[in-house]
Amino acid sequence: MDELEELRKAILCHDLNKSKAFYLKMIREFQSLIKDCPSFNRSSLEDDDLACALIPDDVSQTFVGSRAKAVPGDGNCLYNCVSMYLTGDIRLSWKVRIFVAAELFTRAYAYADHPILQDTLASKKTFTDHSDTLFSLLLSDEGCEEFDFRRNREDAIICESMKTCEDKSWSSMLHLLGLSSVLNCCIESVYPIANEGFRPLFHQSIYPLETTSNIDREAKFGILWSRDGNLDNQPGFSFEPNHFALLIPDKEMAEVPCYQTSKVWQQPQLSSFFKEGTRTEKSTACGVGEVSGVTGHGSVDLWESATESSSCYKRCNPNLEDTRTSLCHTENPSVSSTRPKGDACAFDICDYVTDGISLDARTKIKIIENRMPPVGYHFPTTHYKDKRRKSGYSARHCKRVWLVKYDLLCYSQMKDGIYCLACILFLAEMKYYKDDSIFVRAPCRDWKHFLEYWQLHEQCQYHQNSKDKMNNFMSSHYDPSLRIDTKITMLASANLEKNVAIMVSIIKCLEFCGRQGIAIRGHRDDTTSTSINKGNFKALLDMRIDAGDDVLKQHLSEGPKNATYISKTAQNELLECIGDFIKLKIVSEIKSQEGHNFFAIEADEIRDISNWEQLGIAVRYIKNHNAVERILAYVDCESTTGESICNAIVQCLKDCGLDPLMCRAQTYDGAGNMSGRLKGCRTLFLNYAPKAQYFHCASHILNLSLSQSCTQLEVQCMMSTLKDVALFFKYSPKRQRLLESCIETVNSERISAGNSKINNQKVKLLCETRWVERHTSLEEFEEMYAGVIECLSKICDAQSRAPWDSKTVTEARGLLSSISTPGFLCAFACNRYLFGFTRSLSLLLQGSHQDVVTAYQEIALIRDELKDVRVRADIEFKENVISIMEKLSLVSGTSISIPRRCNHQTLRGNVEAGTPEEYWRRTIFIPVVDHLISELTDRFQNLSQCAVRGLCLLPGTLSSLNDQVTCSIKEFFNDDMPTPSNFDQELKLWRRKWLNIEEPPSTLPTAIHSTNALMFPNIHRIFTLLLLIPVSSATVERGNSALKSIKTSQRSTMGQERLNALTLLQIHRDIELNYQQIVDIFIRKNPRRMTSNNPLK
């Protein structure tokens, strides 16, 4: 396989380093080759007549009189131009194409902000001053779609580079910019006189990105934006190029045959592509055929066009001009004037009297400006028979004062007569005048009665109509804002700006409701509702109007009632656009990571109020060397099998523009459909992301560890009793009031004794899912224990003033007895003490910025401390558990003793013990500690194996790195390393760097901040991948809580897209909305409702 094909494949595989290596090697050879390329006679190349007619007059001086050469139009025309200029054939076309693709791919960052954009914007000659809009004009259709979707310039350029690798794919202005850098020379981009709104961008000299002093500032050849085939001659069509033609300067041509005649007669065929015509006439002269519209100004030499068209017309009608005489010459005067020579006849009005010649605006202006002869010109004298004079003749001539006084008069030096400018240049309908009308078909040369003829002509209706047309033309020429197309554009821009302002006001109201998590609609907010309360959204609209939003007020009061954009349907569409913007923002952050596009996913299910399974999907990525976790979307699942959930995750990632192959970790809970080894989601997802290693949610593992360690009978009974106590007070306001009264009594006694008072007044239920949260409930119950005992005692007291029913008294006696037993007190005290070790770990694991190495270190710390507690069990139990038991027993009046034992006991502990302390330590405390240590060791094994790989690479623990761990690291991360072959050398340099550092980084985030990605690319990539691993799925669970607060029983019928948008708005409060981009998304989705002011669409 040759190097060119290797370069092409490297581009298609997104291999930046390999592409750079091949490109830099090959481009130097290519540039040196073309520098020494031998010259040949380029005049032998075939001319492209259509392209020649398109060459404008305002080309640079180098290309005045240049020739356009025919180039094969097979999709490679741009590269064929270069190849034909260099070699005379298309042998280099494919190589130039691949080089341009490599140039764009390897330097996408530079072309994203090319100097040509700033220069064009600074010129202020284009229709827009928005940089992104101007950038989109550089792209092809595929690149423009990519840019509209991603809003990332580099992504669009990379898309263009990959498309360029395909043979016969069309090129754009961006490829011309890249071509200039590939050839390392200036290229002249020539654009016909058309599409003035953006022509300045395409009609200019293009220089390489890195312009040096030895680069010739003069272009050697040009690229003409042309068309391949005939032009549609239909009025109103805009010029749309689909072909490139090679433009060769005149100095490089050996022989330059005359082609101006063909150019003149081809030029009218282009008229409909430049400006809308003012009249349509037919000519039989020279076989021209139908001529429509007005020719483009500057596309043919005006004087040459005038003289040649006139002479051609005379050759076809030799008797036309000489036989015509003025109707006012009743005395057959003899004319002494002859046709002037040279430039004196430029733009003479008589050349434009005949039918069949269409004039462009520039020619008309030249004719108007040259309507009077220059100062000092002597008007020819005409002799008339006059019997009153001795000679029998009187001499008369045209007077300059007439031309000065009447600005519609135009003097013809060729005819020595005066025409009416308005009636010739702005011809009215034929019915208004005769074919031989004076001032129109024939000049007026009766100087004696001239003013009388002119006054009669001014009274004609056709003259009035022509005069109005000419006045409008002159006004719009000198003040372009008066032109119809300019007015339409200005009105369209103003209308678009007004529509955007309206949409922004509506979006802000929706954003407020979404951010605050409040309902948007009332029970019914349509026009048929008679309810006074129309909902929060419409109330906010009214508030904005009251605050002075006049645009919104006018829109709602005077605008069309079928396009208010505040209905429930419009709300859903706008919310969907907001959701799309937030997703695009998250995806753009993922794709803008330094050196990679890797990410990790988290997923968890929740059942909403409508009994639908909602699958929350979150992504984790790196931003500014820190891990970021964000909810991406919620997907409603009709099935909860592993296959269905896997398909939903993959489809969601693809819809958001993420490639599942870039996923490097997946974190779920331990449910069978998620973590199953055969048909679980984690196994099936490996088919789409082979490198996405599965990690069990660490928070769920901790919950399972705590729940499994509490399987002792006394502990389970204690937990059940606490739940019964909470339920006893929760559903009875009377019992709750008595509890509060008892707590107040206890507080008064504590205050008088100088102790702290009880702050809580409700017994909380134990959390069913998060065992760590039970630690808080145990703390609060310990604080309220005295009040609970006092309350239950009053309910059980037969002498109590408040009568209680028998069921309540029975339950109170049972609960009072249960919470006063030594077994309850010991189990309570043990869990109260041991849960204190894991509470901080639970909070740590729920953080979205936590990394796997730090989590492993904290888990190991707790596990090691519990092992020490187990070794010192007698001391720990006496100092921390017995003290709590004695404190509570004093309140309840319980005596801590050993329960009755027998030879065969199965329902409770029957261990040998000499004292109550020893008995309860052996029965409850030691088994709970042993179980907790065992669970923490076994369940975090997978997390530990992954963390060890990164832990040994940390500068603070490099001493523990051995050959076995090194081989494991290389094997696991080999495919994702930038240069795996250099890992061993890099590792030695890494050791050397931290050899004499006293306090090296000991955590993953600090290590990444201290790692130079250029010096240590492999180690930096390993740290990045480790930081990507989600420790838990707590981010999704927090999103589930937000979803529950949004989709309530009063809002249970909202659609999925609406739910997604509102959830993302409430969760991602730190993502600031770009209202303009949201409106642009809405415009693209609803093109019939709002129209963007883009002339290319």
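Visitor: Where does Asn 611 sit?

Guide: Asn 611 is in the loop between strand E13 (599-607) and strand E14 (613-623). Those labels are DSSP runs, numbered from the N terminus: H or I with at least four residues for a helix, E with at least two for a strand. You're looking at a predicted model, where local features need pLDDT of at least 70, side-chain atom pairs count only at pLDDT 80 or more, and totals for chains, interfaces and linings use all residues. Residues are numbered from 1 along each chain as its sequence is written, and side-chain values use heavy atoms, with hydrogens and water left out.

Visitor: Why is Asn 611 called exposed?

Guide: The label needs over 50% relative accessible area, while under 20% is buried and anything in between is partly exposed (1.4 Å probe, protein chains only). Asn 611 comes out at 56%, so it's exposed. The areas themselves come from the Shrake-Rupley method.

Visitor: What is the phi of Asn 611?

Guide: About 65°, a positive value although Asn 611 isn't a glycine. Tyr 565 does something like that too: its phi is near 65°, again positive in a residue other than glycine. Tyr 565 belongs to the loop between helix H22 (550-558) and helix H23 (568-591).

Visitor: Is Tyr 565 buried or exposed, and how do you know that?

Guide: Tyr 565 has 12% relative accessibility, so it counts as buried.

Visitor: What makes Glu 613 and Arg 607 a salt bridge?

Guide: The rule is a side-chain nitrogen of Lys or Arg within 4 Å of a carboxyl oxygen of Asp or Glu. For Glu 613 and Arg 607 the closest N and O atoms are 3.4 Å apart, so the pair passes. The ends are labelled unlike each other: Glu 613 is buried at 17%, whereas Arg 607 is exposed at 53%.

Visitor: How many salt bridges does the whole structure have?

Guide: A search finds 35. One of them joins Arg 630 and Glu 589, with N to O at 3.9 Å, so that pair makes the cut-off as well. Arg 630 is in strand E15 (residues 626-637) and Glu 589 in helix H23, so the bridge ties together parts 41 residues apart in sequence.

Visitor: Why are Arg 630 and Glu 589 called buried?

Guide: Arg 630 has a relative accessibility of 8%, and Glu 589 has 12%. Both values fall under the limit for buried, so both get that label.

Visitor: Which residue does Lys 887 meet in a salt bridge?

Guide: Glu 782, at 3.7 Å from N to O. Lys 887 lies in helix H34 (residues 873-892) and Glu 782 in helix H30, so this bridge links parts 105 residues apart in sequence. Lys 887, at 49%, counts as partly exposed, while Glu 782 is buried at 13%. As for networks, salt bridges with shared partners join Glu 589, Lys 623, Arg 630 and Asp 1070 into one.

Visitor: What makes Glu 782 and Arg 832 a polar contact?

Guide: A polar contact is a pair of N or O atoms within 3.5 Å; within protein, one must be able to donate a hydrogen and the other to accept it, and sequence neighbours count only if both atoms are side-chain atoms. The side chains of Glu 782 and Arg 832 are joined at 2.7 Å, so the distance fits. Glu 782 itself is found in helix H30 (residues 774-796).

Visitor: What caps the N-terminal end of H43?

Guide: Asn 1074, with a side-chain oxygen 3.2 Å from the backbone nitrogen of Gln 1076. Helix H43 spans residues 1075-1085, and its buried residues are Ile 1078, Val 1079, Ile 1081, Phe 1082 and Ile 1083.

Visitor: Why is Cys 742 called buried?

Guide: Its relative accessible area is 0%, so it's buried. Cys 742 is in helix H29 (residues 733-752), and its C-alpha is 9.1 Å from that of Lys 794, 52 residues away in sequence.

Visitor: Which residues form the negative surface patch?

Guide: Asp 141, Glu 142, Glu 145 and Glu 240. Patch residues need over 30% relative accessible area and no salt bridge; like charges are joined within 9 Å, nonpolar side chains (Val, Leu, Ile, Met, Phe, Trp, Tyr) within 5 Å. Asp and Glu count as negative, with the charge placed at CG of Asp or CD of Glu. Glu 145, in helix H9 (residues 141-150), has 58%, so it clears the area requirement.

Definitions and conventions
Accessible areas come from the Shrake-Rupley method with a 1.4 Å probe; for residues, only the protein chains shown count as cover.
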